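Please open the structure in your viewer and keep the selection tool at hand. The stops below are meant to be visited in order, one selection at a time.

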Amino acid sequence: MIQDLEPVVRAHPFFDGLPDELVKFLTGCARNVRFDAGQMIFRQGDPADEFFLLRAGRVSLETHDPARGPLVVHTLEPGEVLGWSWLFPPYRCYWSARAVERARALAMDARCLRRKFEERPELGYAMMLRVGRVLSDRLHSARLQMLDVFHDGDK
Amino acid sequence: MWIADVEFLEALVAGLRQRGFRVVAPVERDDAIVYDEIRSAQELPRGVGDEQGPGRYRLVERGDSARFGFSVGPHTWKRFLFPARTTLFSATLEDEQLRFEPAVLPEQRYAFLGVRACELRAIALQDRVLIGSGHADAHYAALRAAAFLIAVQCGQAASTCFCASAGDGPRATDGFDLALTELLDAGEPRYLVEVGTDRGREVLESLPHADASEADRGAARAASEAAARQMRELPAESLHGVLASVREHARWDDVAERCLGCGNCTLVCPTCFCSKIEDSSELSAKRAERVRSWDSCFSFEYSHLHGGDVRTSTRSRYRQWLTHKLDTWHDQFGSSGCVGCGRCIAWCPVGIDLTEEVRVLCDKDAAAAAPVEGDV
Amino acid sequence: MSSTTATNSPTTVREPMLPSTYRVLRREQETADTVTLTLERDGEALAAACEPGQFNMLYAFGVGEVPISVSAASDVGEPLVHTIRSVGKTSAALARLKPGQSLGVRGPFGNVWPLDDYEGHDIVVIAGGIGLAPLRPVVRRVLERRASFGHLVVLYGARHPSELLYLEELERWRASPDTTLGITVDRTTGVEWMGPVGIVPRLLARARFDPIETGLFLCGPEVMIEPCVREALTRKLPLEQVHVSLERNMHCAIGLCGHCQFGPHFICRDGPVFAYPDVESLLRVREL
């Protein structure tokens, strides 16, 4: 099914505040994707060639331990984004991503995005600001989880 | 005001004992002036003075016959009104039946002879904390209600005294049943007597006394003026909001280098009221009791929270003590918690001088230069 | 002052350190280390009313006494409800009590969540770990007086799915009208938990409420406060509308023992619930 993706891209909160003209410029990199509950979106070590903008459903970031099974470190909700390994060499996925429930997302081609960022540095900057915000939030979140603050018994 | 000879003291002790009071007064023991029960005024020290300084206390011969010729020593009256250890209740558990038996309230009636102005103020502060702030402490209230207070106006100040700047010293104006000013002429001392309560008047009337002359009154005023000439002082009448505003001052690190964290200052302080509650059971596990005992904000356990202690550094514990005493006490009880008795200075094993610490902490120029905690 | 107070007859002073005897009526095992006890007063006297936010001192015979928040409000004469996590020797002894066994209770002490100040407003409740216990009565009261409040948001973070309290009740909240429930855990395997993984403040970022007309009630580890306040600020929620429950060592619960001092405050007497601006600067001081 061929669909004009521009309104879908514009509707994603990640692009809030991005000028229409730049949204239009980016849309060419996007495609619509769906995942079934339990489906792997990518696995650790896979080429990181896509940037996902979650539109519906919950996605987990996880790794796998042979004895303990999948270990979930973070989950993503609609409106959030998935993956930034596509920005930096060697472009390999650090974690695995799995659809916890049926999920829909925009997948944007990484080469296409990087090329457009080079071409239009103001777009690159606007996107880096957004990715930076996400990175910062995830880092704070990971640090707090690491502190294990709810485990407060006498040691 | 009245005047009495030295024999008055003996009659006073005897009269109070007849009324059922246990008379507690300064006595000389182990090279210090301490408070203990006396049966006769003969047990009062005679011609004994003291020399005090930071980390220093020693008795000296005065070369006169003064009975109250010293300043405050290591004891405070709180050891009688708020004993270091009090059993609050016992409990029994038999056949799943838990019963509580409150401890019997103390019935001792103390008469304190020789309460200094700073100590009267300290007792008033403890009244405010232990009786006057909502939930009264029944044990303290019982002992306090019965206590008969005979003040002695100071005729000299130790080098550690600073009641003139910390409280309303050195002359006691209220809070006593009777107040004595020791007048040291040649030979035996005489006493100018002031009455504070009806109870005090009743006791005085049964004792030999005469109207005081204008000369005697003048001598008493002169004695207090001598006591008001103090070497130490706090930088301001009220430090409310001052110490709490310098919680990151470098001086706290500096004092922590010297402070041993021993808690002596809290033990000798006449207003420190912190206590801990300990529950224990007999080996039979059928009977248990709860004991309240003095605690110190210098102990690690004091700030224990499941997971660890809140105040692990000496810096934070000293800061808590000093800031509470001089600053946040105002928020809690409407005044400073320090009466300027100087005990914490004399009895600090390393001679930390509260007035000096406060002076540096309040020095705005030094505060501006102090490094703040790094942003991590 | 001293002479007037001291003349009060000491026999009229009630001994505030003396517990009353209560008996365990019901015991529910919430998680491996946490139980909820329903306590009935022994004898003729009536149990005192307990309001959301208040706590009682619970005494385990011969072991010790600890402050425990009420996990349900109760009227005069009604049983007390406490959720107890076993973290030390006294709480462990209390958590071991079985129906019919006795314990001592003093209280209630402390202030209450200022829910009445937020009638007609949205209510956001943020709980971390055992912090849900003192907030459960707030949620219940909002649901009981549903028409008096706007949207209700309950955000709850736990270490692990196995440490979630009140599972059945959480489901009832989720199904309640005009209520949003968000639960997140710090760690899990992907098999046992399908919900969010991450920290509670993230849930706040996504929650629906009107920042101008919202009361936010927060109870959890102190480390959680700043991240939540930061999200509240991002959402433009005035910080005077943020209320936190704090904890310090407590022996007497009546402002006499000194242990629970937090700057000028006695947490037992002035708290445990504080408007955030009243403690903001104190929370920045280490080892206070």
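In which helix of chain C is the place of Glu169(C)? Select helix 4 of chain C, residues 167-174, and you will find Glu169(C) there; bear in mind throughout that this is a predicted model. With a relative accessibility of 8%, Glu169(C) counts as buried, because buried means under 20%. Now add Arg136(C) and Arg140(C), which are in contact with Glu169(C) when its neighbours within four places in sequence are left aside. Between the side chains of Glu169(C) and Arg140(C) there is a polar contact of 2.7 Å.

Move next to chain A and select strand 4, residues 59-65, where Glu62(A) is found. Glu62(A) is buried too, with a relative accessible area of 5%, and its side chain is joined to that of Arg98(A) by a polar contact of 3.0 Å. If you then show Trp95(A), you will see a residue that lies 33 residues from Glu62(A) in sequence, although their C-alpha atoms are 5.9 Å apart in space. Beyond its neighbours within four places in sequence, Glu62(A) is in contact with several residues, including Pro70(A), Leu71(A), Val72(A) and Ser96(A).

Staying in chain A, select helix 3, residues 110-119, together with helix 4, residues 121-147, whose axes come within 5 Å and cross at roughly 120 degrees. The two helices, helix 3 of chain A and helix 4 of chain A, are therefore oblique to each other. On the side of helix 3 of chain A the contact is made by Lys116(A), Phe117(A), Glu118(A) and Glu119(A), while helix 4 of chain A contributes Pro121(A), Leu123(A), Gly124(A), Met127(A) and Met128(A). By class, this contact has five nonpolar, one polar and three charged residues.

In chain B, select helix 4, residues 138-146, which is mostly covered, with nine of its nine residues buried; among them are His139(B), Tyr140(B) and Arg144(B). At the start of this helix, a side-chain oxygen of Asp137(B) reaches to within 3.0 Å of the backbone nitrogen of His139(B).

For the last stop, select Phe112(B), Ile126(C), Leu155(C) and Leu216(C), which touch the most other members of the largest nonpolar core, a set of 91 residues. The largest share of this core, eight residues, comes from helix 3 of chain B, residues 117-130. A second, separate core of 45 residues includes Val9(A), Phe52(A), Ala105(A) and Ala110(A). Returning to Phe112(B), you can display its contacts beyond four places in sequence, among them Val24(B), Trp77(B), Phe80(B) and Phe148(B).

Definitions and conventions. Residues are numbered from 1 along each chain as its sequence is written. Chains are lettered from A and ligands numbered from 1 in the order in which they are written. This is a predicted model: local features need pLDDT of at least 70, side-chain atom pairs count only at pLDDT 80 or more; totals for chains, interfaces and linings use all residues. Side-chain values use heavy atoms; hydrogens and water are left out. A nonpolar core is a set of buried Ala, Val, Leu, Ile, Met, Phe, Trp, Tyr and Cys residues joined through side-chain atoms within 4.5 Å. Buried means under 20% relative accessible area, exposed over 50%, partly exposed in between (1.4 Å probe, protein chains only). Helices (H or I, at least four residues) and strands (E, at least two) are DSSP runs, numbered from the N terminus. Contact means heavy atoms within 4.5 Å. A polar contact is a pair of N or O atoms within 3.5 Å; within protein, one must be able to donate a hydrogen and the other to accept it, and residues adjacent in sequence count only if both atoms are side-chain atoms. Axes are lines fitted to C-alpha atoms, for helices over the stretch in contact, and angles run from 0 to 180 degrees between N-to-C directions. Angles under 35 degrees count as roughly parallel, over 145 as roughly antiparallel, 65 to 115 as roughly perpendicular and the rest as oblique. Ala, Val, Leu, Ile, Met, Phe, Trp, Tyr, Cys and Pro count as nonpolar, Asp, Glu, Lys and Arg as charged, and the others, Gly among them, as polar.
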